[in-house]
Amino acid sequence: MKNYLFNGKSFKSACLSLLTANILFASPIVASEAQKGNEIYEINCQGCHMADGKGDQDMGMYPALSNNIKLSSASITTQIVTNGLNGMPAFREYLDDGEILEVVNYVRANFGNNFKDIARLSDIPK
Ligand code: HEC
């Protein structure tokens with residue numbers, strides 16, 4: 001049998017190191033999604049809702065997203081982010097559907113929120 005070499009390693013040992021890397025960095029796909037929601041938040045939301053999700057506590061203009069029961073509905077949260085609400089800008093023109101869902105799922109699973117269900121494409125208002 002031909003012996004394939006990857007970076008000077010045999011195929012078998014290259015596979016073994018990939019496997020080890022996967023175990024060390026458990027589930028790279030989930031990690032990159034979390035990173036993305038986090039990045040979208042930093043760029044688009046943090047300016048008002050703050051890095052810790054606590055909003056501006058002094059002026060009371062921007063509500064806290066942390067420990068916020070209003071985020072319990074995935075579809076209402078998705079609607080607010082998509083279409084805006086009073087002083088909350090509509091993100092429909094700045095983010096695509098996938099990015100809206102990522103940031104909604106990010107805020108609903110962070111800042112002390114622990115809602116287990118996720119927002120889906122069908123939650124985005126037409
Ligand atoms: C320009 C400031 C601003 C930015 C940027 C902003 N928001 Fe808001 N957000 C608000 C304001 C003001 C409200 C309150 C709206 C109301 O209830 O009248 C709000 C409300 C919300 C609510 C409902 C919570 C509640 O208690 O009413 C959610 C969820 C939310 N924002 C998520 C986000 C996300 C996610 C982003 C980034 C994609 C974002 N916001 C960006 C200002 C902002």
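In which loop does Ser66 lie? Ser66 lies in the loop between H3 and H4, and the legends below return to this loop after an overview of the predicted model.

**Figure 1. Overall arrangement of the protein chain in the predicted model.** The secondary structure of the protein chain comprises five helices and two strands, and, read from the N terminus, these elements follow the order β-β-α-α-α-α-α. Of the 126 residues in the protein chain, 28% are buried. When contacts between residues at least 6 apart in sequence are considered, 50% of them join residues at least 24 apart.

**Figure 2. Coordination of the iron atom of the ligand by His49 and Met88.** The protein contributes NE2 of His49 and SD of Met88 as donors, and these atoms lie 2.0 to 2.1 Å from the iron atom of the ligand. His49 belongs to helix H3 (residues 46-49), whereas Met88 is found in the loop between helix H4 (74-83) and helix H5 (97-108), so that the two donors, 39 residues apart, link distant parts of the chain. The iron site has six donor atoms, and with angles of 85 to 179° among them the site is octahedral. For six octahedral donors the ideal angles at a metal are 90 or 180 degrees. His49 has a relative accessibility of 10% and therefore counts as buried.

**Figure 3. Surroundings of the ligand, with Cys45, Cys48, His49, Asn86 and Met88 as the nearest residues.** There are 20 residues around the ligand, and these five come nearest among them. A polar side-chain atom of His49 lies 2.8 Å from a nitrogen atom of the ligand. On the side of the ligand's oxygen chemistry, an N or O atom in the side chain of Asn68 is 2.8 Å from an oxygen atom of the ligand, and an N or O atom in the side chain of Asn86 is likewise 2.8 Å from an oxygen atom of the ligand.

**Figure 4. The aromatic cluster formed by Tyr41, Tyr106 and Phe111.** The structure holds four aromatic pairs. One of them joins Tyr41 and Tyr106 in a tilted arrangement, with 5.9 Å from centre to centre and 45° between the planes. Because Tyr41 lies in helix H2 (residues 28-44) and Tyr106 in helix H5, this pair ties together parts that are 65 residues apart in sequence. Tyr41 and Phe111 also form a tilted aromatic pair, here with 5.0 Å from centre to centre and 50° between the planes. This second pair again links distant parts of the chain, since Tyr41 is in helix H2 and Phe111 is in the segment after H5, 70 residues apart. With a relative accessible area of 1%, Tyr41 is buried, and Tyr106, at 16% relative accessibility, counts as buried too. For Phe111 the relative accessibility is 16%, so this residue counts as buried.

**Figure 5. Ser66 and Asn67 in the loop between H3 and H4.** Ser66 is buried, with a relative accessible area of 12%, whereas the adjoining view of Asn67 shows an exposed residue, with a relative accessible area of 61%. If residues up to four places away in sequence are not counted, Ser66 touches Asp52, Gly53, Lys54, Phe111 and Asn113. Asn67 is not a glycine, yet its phi is positive, at about 45°. Phe111, one of the residues touched by Ser66, also has a positive phi, of about 55°, although it is not a glycine. Most residues other than glycine have a negative phi.

**Figure 6. Thr78 in helix H4 and its contacts.** Thr78 counts as buried because its relative accessibility is 0%, which is under the 20% limit for burial. Leaving aside neighbours within four places in sequence, Thr78 is in contact with Ile100, Leu101, Val104, Ala119, Asp123 and Ile124. For one of these partners, Asp123, the C-alpha atom is separated from that of Thr78 by 6.3 Å, although the two residues are 45 residues apart along the chain.

Key:
Residues are numbered from 1 along each chain as its sequence is written. This is a predicted model: local features need pLDDT of at least 70, side-chain atom pairs count only at pLDDT 80 or more; totals for chains, interfaces and linings use all residues. Side-chain values use heavy atoms; hydrogens and water are left out. Donors are N, O and S atoms within 2.8 Å of the metal (3.2 Å for Na, K and Ca); water is not among the atoms, so sites may look incomplete. Four donors count as tetrahedral if all angles lie between 85 and 135 degrees; four count as square planar and six as octahedral if opposite donors are over 155 degrees apart and all others between 65 and 115; anything else is irregular. Helices (H or I, at least four residues) and strands (E, at least two) are DSSP runs, numbered from the N terminus. Buried means under 20% relative accessible area, exposed over 50%, partly exposed in between (1.4 Å probe, protein chains only). Contact means heavy atoms within 4.5 Å. Rings of Phe, Tyr and Trp (its six-membered ring) pair if their centres lie within 6.5 Å; planes under 30 degrees apart count as stacked, over 60 as edge-to-face and the rest as tilted. A residue is near a molecule or strand if one of its heavy atoms lies within 4 Å of it. A polar contact is a pair of N or O atoms within 3.5 Å; within protein, one must be able to donate a hydrogen and the other to accept it, and residues adjacent in sequence count only if both atoms are side-chain atoms.
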